[in-house]
Amino acid sequence: MICSRFDDSDFVRACRGRPHERVPVWFMRQAGRSLPEYRAVRGDGSILDAIADADRAAEITLQPVRRYGVDAAILFSDIVVPAHAVGFGVDVVPGTGPVVERRFATRSDLHRLRPLDPDADTPYVIDTVRRAVAELEVPLIGFAGAPFTVASYLVEGGPSRHHTRTKALMVGDEALWHELMGRLAEMAIASLVSQVEAGAAAVQLFDSWAGALSPDQYRRSVAPHSARVLEALGSTGVPRIHFGVGTGEFLDQMGDCGAEVVGVDFRVPLDEARRRVGPGRALQGNLDPAVVLAGESAAVDAARAVLASNGGHPGHVFNLGHGVLPESDPDVLARVVQVVHDEGQVRCE
Ligand code: 1CP
């Protein structure tokens with residue numbers, strides 16, 4: 001069990017559903033193209049180069065905390081970093097996202113996913129965490145891609161709308177599917193444990209594309225592997241956040257995978273999400289990121305509606321329902337932070 005100097009922060013207490021002073025807020029993709037200071041230091045070329053430069057990556061991690069006064073930082077990295085680091089052959093193409101050289105298609109591709117040794121393969125991630133934590137006065141969230149979402153990039157070859165190849169493998173060759181998912185789960189565990197050991201005070205498992213699945217598919221082919229990752233992190237003692245998009249139909253299952261916090265996208269109001277997830281879990285979310293583009297007054301109204309839907313429950317981490325869109329105006333996001341801090345009420349239970 002790792003004790004963190006942030007155990008008493010509003011963010012960590014809210015993750016645990018414990019009483020705290022004000023509603024904590026951070027934004028997925030808070031470090032990114034919406035920030036001029038990010039564009040100034042990001043450089044051209046693959047984001048993987050910026051991630052491998054711990055000095056630059058730590059600076060990018062800190063930028064949104066300085067600008068917005070958010071209650072948590074998130075490591076600047078990407079979900080495909082472990083697969084890239086073991087030599088699978090994946091790059092992140094500007095304007096597109098992850099693209100792989102040769103798709104994962106058959107059993108013979110398994111050897112391309114050897115176990116991750118974080119000290120040897122991703123020392124820059126560990127270094128970035130250490131540097132960022134040394135500077136931060138709020139908790140740092142480490143993260144990994146959930147096995148399904150990472151698998152979808154490796155099997156499709158890049159971003160995909162319908163994830164058809166991934167589903168065909170999942171249903172057509174269950175044995176190979178579970179071996180692939182097992183390897184990706186072990187890589188996520190190794191990466192997350194190394195981030196916590198370096199000082200991350202919480203972890204988030206991003207299953208951004210799990211909403212492509214039916215509840216039965218999720219139960220049979222995906223949940224056991226995400227649960228394996230989350231359970232393996234249990235012994236570290238840091239709060240675990242489990243996030244997906246379009247996962248309203250199986251929020252209950254996501255809540256049963258072992259995380260303290262379930263991320264809710266903008267499709268399900270928090271009161272209904274809480275009913276679906278059940279007691280004993282905190283929620284994170286869920287302002288529609290598109291509303292930020294509608295300007296300050298619309299964003300503030302929508303942020304108030306999110307707070308109202310939570311109804312003062314102590315287990316709430318305010319966030320967007322998915323990542324900050326690159327076109328977002330940072331001033332609108334700053335105003336949302338202010339409103340959450342000023343108006344968010346935490347009930348004593
Ligand atoms: O500079 C750039 O190239 C901009 C785009 C960008 C950024 C800022 C990419 C390419 N990755 C990142 C960093 C990143 N990725 C972070 C840290 C920044 C932060 O949150 O503040 C995180 C948490 C991620 C995680 C990530 N990468 C996810 C899960 C989160 C989510 O938004 O759903 C996913 C799906 C990816 C893949 C990815 N990487 C980049 C892009 C454009 C994409 C999505 C591509 C697609 O649509 O499939």
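**Tour: the ligand site and two cavities**

Select Ser208: a polar side-chain atom there lies 2.5 Å from an oxygen atom of the ligand. That is a polar contact (a pair of N or O atoms within 3.5 Å). This is a predicted model, where local features need pLDDT of at least 70 and side-chain atom pairs pLDDT 80 or more, while totals for chains, interfaces and linings use all residues. Residues are numbered from 1 along each chain as its sequence is written, and side-chain values use heavy atoms, without hydrogens and water.

Next, pick His322. Its polar side-chain atom is 2.6 Å from a ligand oxygen atom. Then go to Asp78, where a side-chain N or O atom sits 2.7 Å from a nitrogen atom of the ligand.

Now show the shell: 23 residues surround the ligand, each with a heavy atom within 4 Å of it. Tyr38, Arg42 and Tyr153 are among the closest. By class, the shell has 13 nonpolar, 6 polar and 4 charged residues.

Leave the ligand and select Ile79, Pro82, Val150, Leu184 and Met187. They are among the residues lining the largest cavity, which holds about 80 Å³ of space. A cavity is a set of points on a 1 Å grid over the protein atoms alone where a 1.4 Å probe fits but cannot get out; lining residues have an atom within 4 Å of a point. A volume is the space filled by probe spheres set on the points. No charged residues line this cavity.

Last stop: the second largest cavity, about 70 Å³. Among the lining residues closest to its centre are Ser77, Asp78 and Gln195. Its lining includes 1 charged residue.

Methods:
Polar contact = N/O pair within 3.5 Å; in protein donor to acceptor, adjacent residues only side chain to side chain. Nonpolar A, V, L, I, M, F, W, Y, C, P; charged D, E, K, R; others polar. 1 Å grid on protein atoms, 1.4 Å probe; cavity = no way out; pocket = protein on both sides within 12 Å on 5 of 7 lines; lining within 4 Å.
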